[in-house]
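Hi everyone, thanks for coming. I'd like to walk you through one chain today, so let me put the sequence and the structure up on the screen.

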Amino acid sequence: MVTCYRSGPIERDPASAFHGKNQIDDVLRELDIKIIGDTFEILESRGEPQEIYGPKMKKLRDQGRFYDYSKAESLLVQSLKSAREADFVISRPAPEASGGTTSETVMTCMRGVPKLVIIGPHGEGISDNDSTFMIRMLTDYYSLVFNSEKDVIGFIKKHIQAFRRGRDGIRQLFIHIKTANPYVNDRRKPLWDDRFEGKTIIIQGRPGAGKDTQGRLLQDLCGFKFFGSGHELRRLYSKFPNLSESLGNGELAPEWLINCLISNSLIKLERFEPIVFAGASKMPSEAETLIRILNDLKRKLEVIVIDIDEDLAKERITFRRNCYSCEISFCGREFVENPTCPQCGEPLAARDENMSEESVKKIFGWYRTEVEETIRYFENLRLVTHIDGHDSKENIFNKILEILKA
Ligand SMILES: [Zn+2]
């Protein structure tokens, strides 16, 4: 029987496990492919404690206990034995977790096994990753790169005959594909321009103006690092128990937290890396801190404000639905009536803060006071360019590109 080892990163919360795991598992079972679970599941089936890896190994490393570290590592290698026997691997290394204490071991164990690697809808797996783990996965002789789970499922179904022949069949298929197109794993940014190097951009505007949408376009097409406060904060929900609720009620995130996330993302940047902050600096004091950090980093700020009137803003957020899998939102009556993501098929959800009249009122209140004052602060520093937001997203994007190239 053909077997698949499917894995998220080794060092991750077992509860959050493999993104879309059930979807892939169901399809594999339908196709009569046996699933060998990831390291955590293997450990569980062997009755070994799950916490031996990841955090535990990190702790051992940090305490300088290398003998115990080696013991834990050899247990990991043991548990990966069954993985090594798999005919192919599906993996989605989490950007923030991979490349730590165990991934090198995993890579060594997986040599020669065909890999289907998922890098996420915006290539976050590559761009947010400080380690070489992901790039090793991607450049592996027997690896193919996919953006999403859905793409992987489609690929397996399309080539099911090759998959049925087991590891050799899959290897031949991969070699065939890569010989025909050596660039098949590339994810080039088609609109990258040298003039973007080292840019620091804020996109500001009323809710529904399309800040995230434009930021994501800069990320996907131009190679900007993307920073969306909402996106960053959602990743921290498990660490801040009250954050989800207060943001859902239309409150702003604590200023220290936003400053910390922003400065952290800026410090990590290389000099040439451009970054776009979608909707950042909601308060004048946040803006002042940002300017101070940028001065020290010798980075220059450009602020683009997408202007839409309040009626359109209210209409847009009423009809806005978000796909948490693709990390993009869609606007329109059709998505309210049929909340399914046109890109990945996952259910769409409305953002909590847009659901009650009270929190919407609060958000627009913040905009009229804090955000507009912040924009004026940036205007006094002559950093702002306004764009009319009553236009298609393509036209707005082209205007932004013009500004950035000027
Ligand atoms: Zn989606």
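Let me start with the whole chain: of its 406 residues, 37% are buried. Please keep in mind as we go that this is a predicted model. In terms of secondary structure, the chain has 20 helices and 12 strands. How much of the contact map comes from residues 24 or more positions apart? Among contacts with a separation of 6 or more, such pairs account for 76%.

Now, the nonpolar interior. The largest nonpolar core has 38 residues, and the members that touch the most others in it are Val276, Phe277, Ile304 and Ile306. Which element gives this core its largest share? That is strand S9, residues 301–307, with 5 residues. There is also a second, separate core of 30 residues, and Leu76, Phe88, Met137 and Phe174 are among its members.

Let me stay with valine 276 for a moment. If we set aside the neighbours within four places in sequence, valine 276 is in contact with Ile201, Ile203, Gly215, Leu218, Gln219, Phe224, Phe226 and Phe227.

Next, the sheet that holds S9. Here we have an open sheet of 5 strands, paired in parallel, and reading across it the order is S7-S8-S6-S9-S12. Which strands stand at the edges? They are S7, residues 225–228, and S12, residues 384–388; each has a single partner strand, so one side of each has no neighbour in the sheet. From one strand to the next, the twist averages 20°.

If you zoom in on the S9 and S12 pair, you will find 5 bridges in the parallel sense. Within that pair, isoleucine 306 sits opposite isoleucine 387 of S12. You may remember Ile306 as one of the residues that touch the most other members of the largest core. Packed on the sheet is helix H20, residues 393–405, which touches both S9 and S12. The direction of H20 makes about 155° with that of S12.

H20 has a helix partner too. Helix H12, residues 211–222, packs with H20 at an angle of about 60°, and the two axes are 10 Å apart. That angle makes H12 oblique to H20. As for handedness, the crossing of H12 and H20 is right-handed. On the H12 side of the contact you have Thr213, Gln214 and Leu217, and they meet Lys393, Ile396, Phe397 and Ile400 of H20. It is worth recalling that valine 276 is in contact with Gly215, Leu218 and Gln219, among others, and that H12 runs over residues 211–222.

Let's compare that with another helix pair. Helix H15, residues 255–268, packs with helix H16, residues 284–297, at about 20°, with the axes 10 Å apart. How are these two helices oriented, roughly parallel or roughly antiparallel? H15 and H16 are roughly parallel. Their crossing is right-handed. In the interface, Glu255, Ile258, Asn259, Ile262, Ser263 and Leu266 from H15 meet Ser285, Glu286, Thr289, Leu290, Ile293 and Leu297 from H16.

Moving on to the start of the chain, we meet strand S1, residues 3–7. S1 is mostly covered, with 4 of its 5 residues buried. Strand S2, residues 34–36, pairs with S1 in the parallel sense over 3 bridges. In that pairing, threonine 3 has lysine 34 of S2 as its bridge partner. S1 is also joined to strand S3, residues 88–91, by 4 bridges, and again the two run parallel. There, serine 7 faces serine 91 of S3. Phe88, which we met in the second core, falls within the residue range of S3.

Finally, two residues that come close to something distant in sequence. Glutamine 23 is found in helix H1, residues 21–30. Is glutamine 23 buried or partly exposed? It counts as partly exposed, because it has 18 C-beta neighbours inside 10 Å, and 20 or more would be needed for a buried residue. Its C-alpha atom is separated by 8.1 Å from that of glutamate 149, which is 126 residues apart from glutamine 23 along the chain.

The other one is threonine 318, in helix H17, residues 310–318. Threonine 318 is partly exposed as well, with 15 other C-beta atoms within 10 Å. Threonine 318 and glycine 208 are 110 residues apart in sequence, and 9.1 Å apart in space from C-alpha to C-alpha.

That's my tour, and I'm happy to rotate the view for anyone who wants another look.

Note on methods
Residues numbered from 1 in each chain as written. Predicted model: local features only at pLDDT ≥ 70, side-chain atom pairs only at ≥ 80, totals over all residues. Core = buried A, V, L, I, M, F, W, Y, C linked by C-beta atoms within 7 Å. Buried ≥ 20, exposed ≤ 12 C-beta atoms within 10 Å, placed from the backbone. Contact = placed C-beta atoms within 7 Å. Pairing = 2+ DSSP bridges. Axes fitted to C-alpha atoms, helices over the stretch in contact; angles between N-to-C directions. Parallel < 35°, antiparallel > 145°, perpendicular 65-115°, else oblique. Left-handed = near helix turned anticlockwise from the far one by under 90°.
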